[in-house]
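Trainee: Could we take a close look at one part of this model together? I would like to follow a single strand and then see what lies around it.

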Amino acid sequence: MPESESAFAALQFLTSAAKLEQLPAEDLPELAFAGRSNVGKSSAINALARRRRLAFFSKTPGRTQTINFFELGGRGRLVDLPGYGFARAPRALRAQWDRLVGGYLAQRGSLAGVVVLMDARRPFTPQDELLLAFLRPAGRRVLVLLSKADKLSRQERAAALRAARERLSQLEPQAEVRLFSSQSGEGVEEARALLDEWLRTARRK
């Protein structure tokens with residue numbers, strides 16, 4: 001695949017891991033996608049890959065219980081993390097998912113960056129802010145995508161972006177933020193180009 005073509009063009013499902021010992025080898029840089037259940041992670045992955053049904057999603061919050069890995073044409077991997085903030089799942093199951101995701105984010109040496117999806121209408125929930133606080137000591141690259149931006153008016157989108165930048169300056173000053181909609185396509189090309197650059201930078205290290 002030509003280097004000028006996005007790595008997401010070759011995105012294909014690789015494997016799922018329900019335990020840390022099932023994670024694949026750390027031989028390629030990885031981009032992890034995180035966010036509340038039903039915030040639009042899988043839809044965002046599909047939009048970035050220009051596919052309709054590559055990353056399947058559920059209407060039931062908290063149903064995805066595994067870390068799902070996708071190959072990016074030999075340039076890296078995209079990692080779909082289980083959603084957080086689900087209230088209906090049993091406490092023991094929530095704790096198991098927290099150990100899995102927390103262990104991955106804390107220990108994964110090949111992790112090149114984390115994409116945090118937040119609903120543009122309700123960003124920076126307590127769970128979102130806990131995740132950013134968890135990531136900050138490790139110095140991970142972070143991109144916040146304000147998903148479902150098509151649900152807001154132009155004025156509301158501008159206000160949401162300003163407020164997000166201000167909040168991030170307090171929580172994670174190095175993080176970047178973009179408006180994003182898998183429905184309208186807003187922010188998709190921009191996010192894809194940035195993440196491709198992250199992968200190129202990680203491979204040169």
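Which residue in E5 is the bridge partner of Glu-30?

Mentor: Happy to go through it with you, and please keep in mind that this is a predicted model. The bridge partner of Glu-30 in E5 is Leu-111. That bridge belongs to a wider pairing: E2 and strand E5, residues 111-119, are joined in the parallel sense over six bridges. E2 has another partner as well, since four bridges join it to strand E4, residues 77-80, and these two strands also run parallel. Within E4, Leu-78 is the residue bridged to Leu-31.

Now look at E2 itself, which covers residues 30-35. Six of its six residues are buried, so the strand is largely enclosed by the rest of the structure. Buried here means a relative accessible area under 20%. In a regular strand, side chains alternate between the two faces of the sheet. In E2, Glu-30, Ala-32 and Ala-34 point one way, while Leu-31, Phe-33 and Gly-35 point the other way, and all of them are buried.

Just past the end of the strand, there is a contact with a helix to look at. Arg-36 and Gln-127 are 91 residues apart along the chain, yet their C-alpha atoms are separated by 7.7 Å. Their side chains are joined by a polar contact of 3.3 Å. Gln-127 sits in helix H3, which spans residues 126-135. With a relative accessible area of 30%, Gln-127 is partly exposed, because that value falls between the cut-offs of 20% for buried and 50% for exposed.

The loop between E5 and H3 holds a backbone detail that you may want to inspect. Phe-124 is found in that loop, and its phi is near 55°, a positive value in a residue other than glycine. Most residues other than glycine have a negative phi. Phe-124 has 13% relative accessibility and therefore counts as buried.

A second positive phi can be found at Lys-148, where the angle is near 60°, again in a residue other than glycine. Lys-148 lies in the loop between strand E6, residues 142-147, and helix H4, residues 154-171. Its relative accessible area is 26%, so Lys-148 is partly exposed, whereas Phe-124 is buried.

Key. Residues are numbered from 1 along each chain as its sequence is written. This is a predicted model: local features need pLDDT of at least 70, side-chain atom pairs count only at pLDDT 80 or more; totals for chains, interfaces and linings use all residues. Side-chain values use heavy atoms; hydrogens and water are left out. Buried means under 20% relative accessible area, exposed over 50%, partly exposed in between (1.4 Å probe, protein chains only). A polar contact is a pair of N or O atoms within 3.5 Å; within protein, one must be able to donate a hydrogen and the other to accept it, and residues adjacent in sequence count only if both atoms are side-chain atoms. Two strands pair if DSSP finds at least two bridges between them.
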